[in-house]
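Let's take a walk through a protein model together. Keep the picture open beside you, and we'll go from one spot to the next.

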Amino acid sequence: MTSVVIFYIFAAVLLLASLATITAKNPVHAALYLMLSFFSGAMLWMLMKAEFLAVSLVLVYVGAVMVLFLFVVMMLDVNFEELRKGFWKHVPLAVIVAVIMVFEMVTILTHKAADLPNARMPEPAAGYNNARVLGNLIYTQYFLPFQLAAALLLVGMIAAIALTLRKRKNTKYINPADQIAVKRDDRVRIVKMNAEARPTVGEQPAVDEQQPNA
């Protein structure tokens, strides 16, 4: 009974935080609400005895992704008023997509194949560790798919860096190799000019005086 009460409490917090994330006008507040929703979801994973997923959700999303997103939002001077101008024109499409998603979820959950009334979570054996079992499977039976997934992530990271380094027309670039290879004669040009007498500080320049005609 206690587990059920805790589940409903965390589920309510998760729903409220998710709703606040999409309705908050301040992007910093939205990021904080999203962190709260991730943490509440991690607690639900803990109740389901999925410790690895709960720890991953907290460390990866709350501890890394959302903190990075929060710092980027706080440092960048983004005009969010301009971004919100075209918000309402996308609402009809968003409502249609949401209705379709709700219909699909209700259809699956109410189907007799789901058998939700008789669903029970199996009790793990004594000394069972979810993270240890998952680690053994990843590095033994699923080692090759795991390495392929890591390679795909590496390729995606390299592609993202390459896209940010692409050349733009209005951007000036400096080649360090050209700066190192340059010589003194390429930088400095000596020009000979005739010497001119300049008055010192406090001295008035000489003025030619002409006698008036008689």
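**A walk along the chain**

Let's start with E123, which counts as exposed, at 65% relative accessibility. If you want to find E123, look in the loop between α5 (91–110) and α6 (130–138). One thing to keep in mind as you look: this is a predicted model.

Now hop from E123 to K49. These two residues sit 74 residues apart along the chain, and their C-alpha atoms are separated by 9.2 Å. K49 is in a loop too, the one between α2 and α3 (51–75). Is K49 buried, exposed or partly exposed? With a relative accessible area of 35%, K49 is partly exposed, because that value falls between the 20% limit for buried and the 50% limit for exposed. K49 also has a quirk in its backbone: its phi is near 65°, a positive value in a residue other than glycine.

Time to zoom out. How many helices and strands does the protein chain have? You'll find 9 helices and 0 strands, so if you read along the sequence, the pattern goes α-α-α-α-α-α-α-α-α. The protein chain has 214 residues, and 10% of them count as buried. It exposes about 19400 Å², with carbon and sulfur atoms supplying 68% of that area. What about contacts across the sequence? Take the contacts in the protein chain with a separation of 6 or more: residues 24 or more positions apart account for 56% of them.

Next, let's look at one pair of helices. When two helices pack, we describe them by the angle between their axes and the distance between the axes. Here the pair is helix α1 (residues 2–23) and helix α2 (residues 27–47), whose axes come within 8 Å and cross at roughly 155°. Angles over 145 degrees count as roughly antiparallel, and therefore α1 and α2 are roughly antiparallel to each other. Their crossing is left-handed.

Which residues do the meeting? On the α1 side they include I6, F7, F10, V13, L14, A17 and S18, and on the α2 side they include A30, Y33, L34, S37, S40 and L47. Sort the residues of this contact by type and you get 15 nonpolar, 6 polar and no charged.

Two serines in that contact deserve a visit. S37 lies in helix α2, and at 4% relative accessibility it counts as buried. Not counting residues up to four places away in sequence, S37 touches L14, A17 and S18. S40 also lies in helix α2. Its relative accessible area is 3%, so S40 is buried. Who is in contact with S40, leaving aside its neighbours within four places in sequence? The list is F10, V13 and L14. So L14 turns up beside S37 and beside S40 as well, because each pair has heavy atoms within 4.5 Å.

Finally, swing over to A24, in the loop between α1 and α2. A24 counts as partly exposed, at 25% relative accessibility. Leaving aside its neighbours within four places in sequence, A24 is in contact with H29, A30 and Y33. Two of those names should ring a bell: A30 and Y33 are among the α2 residues that meet α1.

Key: Residues are numbered from 1 along each chain as its sequence is written. This is a predicted model: local features need pLDDT of at least 70, side-chain atom pairs count only at pLDDT 80 or more; totals for chains, interfaces and linings use all residues. Side-chain values use heavy atoms; hydrogens and water are left out. Axes are lines fitted to C-alpha atoms, for helices over the stretch in contact, and angles run from 0 to 180 degrees between N-to-C directions. Helices (H or I, at least four residues) and strands (E, at least two) are DSSP runs, numbered from the N terminus. Angles under 35 degrees count as roughly parallel, over 145 as roughly antiparallel, 65 to 115 as roughly perpendicular and the rest as oblique. A crossing is left-handed if the near helix is turned anticlockwise from the far one by less than a right angle, and right-handed if clockwise. Ala, Val, Leu, Ile, Met, Phe, Trp, Tyr, Cys and Pro count as nonpolar, Asp, Glu, Lys and Arg as charged, and the others, Gly among them, as polar. Buried means under 20% relative accessible area, exposed over 50%, partly exposed in between (1.4 Å probe, protein chains only). Accessible areas come from the Shrake-Rupley method with a 1.4 Å probe; for residues, only the protein chains shown count as cover.
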